[in-house]
Structures are given as C-alpha cells and as structure tokens.
Amino acid sequence: MSQQAKALSYKSENVSWRDFLELTKPRVVALMILTSVIGMLLAVPDLPGWRVLLFGNLGIALLAGAAAVVNHVVDQKIDTIMARTRKRPVATGRIAPVDALLFAISLALGGMLVLVWQVNTLTAWLTLASLVGYAGVYTLFLKRATPQNIVIGGLAGAMPPLLGWTSVTGQVDGHALLLVLIIFAWTPPHFWALAIHRKEEYAEAGIPMLPVTHGNRYTELHILLYTLMLLAVSLLPFVTGMSGYLYLAGALVLGLRFLHYAVRLLRGDDRRVALATFKYSISYLMALFVVLLVDHYLSF
Ligand code: HEM
Ligand SMILES: CC(C)=CCC/C(C)=C/CC/C(C)=C/COP(=O)(O)OP(=O)(O)O
C-alpha cells in the first residue's frame, strides 16, 4: 500500500508502543513537567507533599500528552508534506486517526480524574483549558490562520508552572503568572528560529509561519525583540523579591547568551545559526528553571 493510502486507512498497522509514546511528544512534555515541578517547589517555602508532586505532574503530563496526540491527528495531512514530520505514526498510517483519538480521550480522561480526585478542581480546569488552547484553538484554527499563531497559541504551552503552583496552593498567584510570562515571551524565539530553518517545508505545507509570510529578516528582527523582552521579563522574579542574586546572575548570563544568538541571526541570516538558536532555546529554558529552583533553596 502507498504511504498516502496507508495514511487514509482506518486500521492501525505494525504499531508498537513506541508509536503511541511518540504521539504524546514526550520530550516537549518532559520539559513542561520540569517547569510544573519547579512551579510546585516554588509555591511553598518547604517541600510540597509527595501526593501533589506525584499526582499533579501525572495529571498535567497526561493532559499535555493528550493535546499532543490530537495535534498529530488534526495535522495528519500537513505532517505528510514536511520532511521533519513525515515519519510520524499517524502521518504514515501506522496508527489510524480513530485509534489515536481514542488514545487521546483515554489520556485526557485519566488526567482529569487524577487532577479532580487527587489534586484540585482549579488545576483540573486550567489544565483542560490548556489542552483546548493547544489542540483546539492553536492546532485546529490559529496555525492555519495567522503568522501570530504561535504567539497566541504559546499561552497554552506556557501554563505548566502555574498548573504546578495551583496544584499545591489551590489558587492563582502573581509569582506563578511571572513564570508563565517568561515561557510566553520565550516561545516566539524558540519556534521562529526553527521556522527559519524549516521555512521551505512550512511554505510547501501552506502554513503561514512568520518567515513564510514576512520573510527571514522580519522574523529575525522579531526574534531579537522577543529575546530582549524575555531578558527583561526573566528579571522580574528578582525585581519582585521572589528570587535572589543567584537567580539574577543566572538569568543575566543565560539571557545575554540568548541575545547573542538573536543578534548573530539578524546579522548573518544563516540557517545553521537558526538551528543553533532553536537548540539553545531549549537549554535556556531548562537552565533558567533549574536556577530558579537552586536559588529558592540557597537564596542569599
Ligand atoms: C506554541 C508553542 C510552541 C511551538 C509552536 C513549539 C514548536 C516546536 C517545534 C515545531 C518543535 C520541533 C519538534 C520536532 O523536532 O519535531 C519543538 C521542539 C521542542 N519544544 Fe517547542 N514549541 C512550543 C512550545 C514549547 C513549550 C512550552 C515547551 C516546553 C516548556 C517546548 C519544548 C520543546 C522541546 C523540549 C523540544 C525538543 C523536542 C525534541 O527534541 O524532540 N516547546 N517545539
Ligand atoms: C495541558 C497542556 C499543558 C497542554 C500543552 C500542550 C502541548 C503539548 C503543547 C506543545 C507545544 C508544541 C510542541 C507546539 C508545536 O506544535 P506544532 O503543531 O506547531 O508543531 P509540529 O509541527 O511539530 O507538530
């Protein structure tokens, strides 16, 4: 059977558990869970209880994974066009869309049950809203509608530190919103760097990503502006007294390095620098949250 015919088939074929795991975008969800764990640990002076750490993160991971599975189903057609996504389990037809949807529903139901019964309803509803924001608003609508798709859609992906925080305290806190704001400002440089590297594929798939609609230079300028905003926003935990000097030093070093990438990108318009910037964005976010945590326990 041709790959296109297989992709339209209603039966999963030669499927392994690894394909189902791939549908959940495990590495993306892992970084989200790092931010939600740290949101939980920052919410209280000591340690939160093991129950909330275990069930809060489990529930958030299950719902984020479910959102990612829906993304594979909705994007089945465009995923077959782009080289980066062509081998995905739904795009190749190894997993039939109906099976993927049943998987997504099971994950989402499991996640909601865990959050409602073991954590709190505020966290359950906020996490469900994030799922709808990414799988429904971003994937179904914004992605194909506007080059600002990832700016607006980025809010869903930025929610995990708040979800971690509300899991522990049961209420929305200004400090948790600062962490959301950091990821919100980080998302455009994170994604647009990759979009420059993969511009031709997005153009072929007819997806209006910023480099496709407005060109590389315009995108690079916006990466630089968002990186400057990210640097400013990343200092707010120090400015508001939430974090200390250790965090300030870490945020400055990490942020200035990000800025260096953004300037190099604008100067050189080089695909390899774009890919390096994308990769650095991931290390940046991971390191920034680890520094927040270390500062929380060793603050001076
Ligand atoms: C709307 C918001 C976002 C968009 C459009 C976006 C887009 C992307 C894309 C297209 C990739 C490449 C995936 C691949 O290689 O197949 C990627 C990778 C990645 N993203 Fe994002 N991202 C967003 C938000 C986030 C958030 C909030 C996080 C975590 C907090 C995150 C963490 C990652 C990680 C860890 C990878 C590397 C995955 C891997 O190595 O397989 N992203 N992102
Ligand atoms: C409940 C909760 C916290 C939900 C968050 C959901 C989630 C997994 C967001 C991931 C963000 C992401 C990888 C976007 C890329 O999508 P894309 O379709 O543009 O990229 P692709 O082409 O690689 O699929």
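This is a short walk through one protein chain, from its two domains down to a few helices and residues.

Okay, before anything else: what we have up on the screen is a predicted model.

Let's start with the overall layout. The domain assignment splits the chain into domain 1, residues 1–170, and domain 2, residues 173–300. If you take the C-alpha centres of domain 1 and domain 2, they sit 22 Å apart. And there is plenty of contact to look at: 27 residues of domain 1 touch 27 residues of domain 2. On the domain 1 side, α3, α5 (76–81), α8, α9 and α10 each put in at least two residues. The top contributor there is α3, with seven residues. Sort that side of domain 1 by class and you get 18 nonpolar, six polar and three charged residues.

So what about the core? The largest nonpolar core has 88 residues, and Ala66, Ala67 and Val69 have the most contacts inside it. Helix α11, residues 174–197, provides the largest share of this core, 14 residues. Where does the core sit relative to the domains? Both domain 1 and domain 2 give residues to it, so the core lies between them. If you want one residue to click on, take Val69. Setting aside residues up to four places away in sequence, Val69 touches Leu23, Thr24, Ala100, Phe103, Ala104 and Leu107.

Next, a pair of helices I like. Helix α8 covers residues 121–145 and helix α9 covers 149–158; they pack at an angle of about 170°, with their axes 8 Å apart. With over 145 degrees as the cut-off, α8 and α9 are therefore roughly antiparallel. From α8 you have Ser130, Gly133, Tyr134, Val137, Tyr138, Leu142, Lys143 and Ala145, meeting Asn149, Ile152, Gly153, Leu155, Ala156 and Gly157 from α9. By class, this contact has eight nonpolar, five polar and one charged residues.

Staying on α9: seven of its ten residues are buried, so α9 is largely enclosed by the rest of the structure. The buried ones are Asn149, Ile150, Gly153, Gly154, Ala156, Gly157 and Ala158. Among the elements covering them are α8 and α11.

Then comes α10, residues 160–169. Nine of the ten residues of α10 are buried, so this helix too is largely enclosed by the rest of the structure. Reading along α10, the buried residues are Pro160, Pro161, Leu162, Leu163, Gly164, Trp165, Thr166, Ser167 and Val168. What do these buried residues pack against? The partners are α3 (26–43), α4 (50–74), α7 (97–119), α8 and α11. Right after α10 you reach Gly170, which has a positive phi, near 75°.

Last stop, over in domain 2: Thr240. Thr240 is in the loop between α14 (236–239) and α15 (245–268). Buried or exposed? Thr240 has 11 C-beta neighbours inside 10 Å, and so counts as exposed. Still, Thr240 has some partners: leaving out neighbours within four places in sequence, Thr240 is in contact with His175 and Leu178. Gly174 is 66 residues from Thr240 in sequence, with 9.9 Å between their C-alpha atoms.

If you take one thing away, make it the core: domain 1 and domain 2 both feed into it, so it lies between them.

Notes. Residues numbered from 1 in each chain as written. Chains lettered and ligands numbered in written order. Predicted model: local features only at pLDDT ≥ 70, side-chain atom pairs only at ≥ 80, totals over all residues. Core = buried A, V, L, I, M, F, W, Y, C linked by C-beta atoms within 7 Å. Buried ≥ 20, exposed ≤ 12 C-beta atoms within 10 Å, placed from the backbone. Helix = DSSP H or I, 4+ residues; strand = E, 2+ residues; numbered from the N terminus. Domains from an automatic or database assignment. Contact = placed C-beta atoms within 7 Å. Axes fitted to C-alpha atoms, helices over the stretch in contact; angles between N-to-C directions. Parallel < 35°, antiparallel > 145°, perpendicular 65-115°, else oblique. Nonpolar A, V, L, I, M, F, W, Y, C, P; charged D, E, K, R; others polar.
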